[in-house]
Amino acid sequence: MWGKRADAGRPRQLAVVVAILVTMLGAAVPSPTRAAAGDVGYQDFTYNGASAPTGQKPESKLWFADGSWWGILYDSAAKSFKIWRFDWASNSWVGTATVIDKRSRSSSDVLWDGSRLYVATHLVEGASGSDQAARILRYSYNAGSRTYTLDSGYPVVLTSGPIEALVIDADTTGRIWATWTASNGAGGRQVLVTHSDSSGGNFTTPFVLPVANAANLDADDISTLVAYDGRIGVMWSNQRTETVYFATHIDGDPDASWTIAPALQGKGYADDHLNIKSLQADPAGRVFAAVKTSLNDTSGNSGQPLILLLILDGNGGWQRRTFSLVSDNQTRPLVLVNPEDRTLFMFAAGPCCSGGVIYYKQTSLDSPNFASGPGDPFIKLAANTTINNPMSTKQPLTHASGLLVVAGGDHTPTDLHNRIDCGVADSTPPQTTIDS
């Protein structure tokens, strides 16, 4: 079991070296703060000018490459979203010169394929401006200079107009897939998908997912997708049919060939909080989804499940585990998996809906079973009482990567983070119960 939280401060000599390098390179290294007794996690830097930049529930804005964590964070001084590198030793972010989007009301989802970085960026719901394009960008990475360079032929425009969430992933043929929801012209939404050719470019015209109940969504519903086991899976909420659906497409099949099944169904069980991860041909399951129900909208349901873990098993069936109850009053769930240590982590903000503390629980990947209660504080600072919107990566965790989660202050506009070292012995009791 691993889960030792890294709390060490920066060594003085390392800080001096980093400061010299920063002066030479012109990059910023914000100093994280954690001053009050009882604080957990670290406060980084402000994002004045942006709105909830760690938000959009299914999107991932962090990735691990070349021995480092990277992220797309808002730079208040440059008034743009840029690529930042997280320096594990100094526990702080180092800015780069790579600008992703100059629109302060934009959001992004990232995919690192091992050699190139794909970024989907778009205006968020309610935003306005002359530039309303939703784009795919692709960057090549130079390990020598640790820099990202935009590839020729990019960006590619997918669509236009504000989008609540836009998610991308790659199948085994090299195609990049994207999904989002848009107006269906009748007061609701429909699930749209598109994909590139095998080179990662030349995207098809976006089309409505050709399955039942993909075009009659509530105005609040969203979609997400994930690559797994030679397939692309699209998950979406449909609050009108009170169902969370999952449609699958075998890599290389015609665009019209999909299979659909409900992942979660029942009165009050559908909501637009979806966060999904995958493992390839793993005995514990193929897909893991953290979802929120709408059972908190009805009185008398305090003992009903609010946050759930859904698991797609090897037989195509969905299992579910309760993470927290309506009485725990949480929101914005996030799931991360570590197949090396057979560990699964879930995070949620509470109280709903403007946050306050990021809580987490960890459990066995092979036999997930969460203890009752909200969980342990993972990011909690006395100086910032509206911490919300935890986000991280699509990638499975490893001993090399460790775990990194970033959140934002809803009313105090600052980025915050905390981390866990992988492969380090820990005496903290795990957030599990023994059932046999």
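Asn-213 lies in the loop between strand E15 (207–208) and strand E16 (223–228), where strands (E, at least two residues) and helices (H or I, at least four) are DSSP runs numbered from the N terminus. This is a predicted model, in which local features need pLDDT of at least 70 and side-chain atom pairs count only at pLDDT 80 or more, while totals for chains, interfaces and linings use all residues. Residues are numbered from 1 along each chain as its sequence is written, and side-chain values use heavy atoms, with hydrogens and water left out.

Most residues other than glycine have a negative phi, and most peptide bonds are trans. Asn-213, which is not a glycine, has a positive phi near 65°. Its relative accessibility is 27%, so Asn-213 counts as partly exposed, a class that lies between buried (under 20% relative accessible area) and exposed (over 50%), computed with a 1.4 Å probe on protein chains only. Lys-79 is another residue other than glycine with a positive phi, here about 55°, and it is found in the loop between strand E4 (68–75) and strand E5 (80–87). Because its relative accessibility is 56%, Lys-79 counts as exposed.

From the loop that holds Asn-213, the chain leads into E16, which belongs to an open sheet of four strands in the order E16-E17-E18-E19, with antiparallel pairing; two strands pair if DSSP finds at least two bridges between them. E16 and strand E19 (259–265) stand at the edges with a single partner strand each, so one side of each is left without a neighbour in the sheet. From one strand to the next the twist averages 25°, an angle taken between N-to-C directions on a scale from 0 to 180 degrees, with axes as lines fitted to C-alpha atoms (for helices, over the stretch in contact). Within this sheet, eight bridges join strand E17 (residues 231–238) to strand E18 (residues 243–250), and Ile-232 has His-249 in E18 as its bridge partner.

Another antiparallel pair is made by strand E9 (residues 133–142) and strand E10 (residues 147–150), joined by four bridges, with Thr-149 in E10 as the bridge partner of Ser-140. E9 and E10 form a hairpin with four residues between them, and Arg-146 in the turn has a positive phi of about 55°.

After E10 comes a loop that leads to strand E11 (156–160) and contains Pro-155, which is joined to Tyr-154 by a cis peptide bond with omega of about 10°. A cis peptide bond also runs from Gly-350 to Pro-351, with omega near 5°, and Pro-351 is found in the loop between strand E25 (343–350) and strand E26 (357–364).
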